[in-house]
Amino acid sequence: DRHSRRRPDSNPLDVDVDLFADEEQCPAASRLHRRIGKLHPFDRALILLWLEDLPYDEIAAIMGISVDNVSVRLVRIREKLKKITD
């Protein structure tokens, strides 16, 4: 399959974590926080709004971009987060 040949290996990204747990209770939350901290500020703001379960239209209004752009950027940001090493 041509798609699998192009994709480099990536680290799994588990976003089903308790983001408010301390590092000892949930190392996945700590890993996710570190990866988010390495993003550019705009991307970081966008993913944090998404993690707050805001709908795309609200995120778009806050960030000043279109709903379609929110969708595309979130896909790309989640892919970046998988590739970031801790």
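E79 is partly exposed in this predicted model, its relative accessible area being 35%, and K82, with a relative accessible area of 26%, is likewise partly exposed. Both residues belong to helix α5, where they stand three residues apart, about one turn of the helix. Their side chains meet in a salt bridge, with 3.2 Å from N to O.

Salt bridges that share partners also join D43, R73 and K80 into one network. Within this network, D43 forms a salt bridge with R73, whose closest N and O atoms are 3.9 Å apart; because a salt bridge requires the nitrogen to lie within 4 Å of the carboxyl oxygen, this pair is counted. The contact links distant parts of the chain, since D43 sits in helix α3 (residues 41–51) and R73 in helix α5 (residues 67–83), 30 residues apart.

The side chain of D43 also meets that of K80 in a salt bridge, at 2.8 Å from N to O. Here D43 again lies in helix α3 and K80 in helix α5, so that the pair ties together parts that are 37 residues apart in sequence.

The accessibility of the network's members can be set out in turn. D43 has 9% relative accessibility and therefore counts as buried, the cut-off for that class being under 20%. R73, at 29% relative accessibility, counts as partly exposed, and K80 counts as partly exposed at 37%. D43, a buried residue, is thus paired with R73 and with K80, which are each partly exposed.

A search of the whole structure finds three salt bridges: D43 with R73, D43 with K80, and E79 with K82.

Terms used. Residues are numbered from 1 along each chain as its sequence is written. This is a predicted model: local features need pLDDT of at least 70, side-chain atom pairs count only at pLDDT 80 or more; totals for chains, interfaces and linings use all residues. Side-chain values use heavy atoms; hydrogens and water are left out. Helices (H or I, at least four residues) and strands (E, at least two) are DSSP runs, numbered from the N terminus. Buried means under 20% relative accessible area, exposed over 50%, partly exposed in between (1.4 Å probe, protein chains only).
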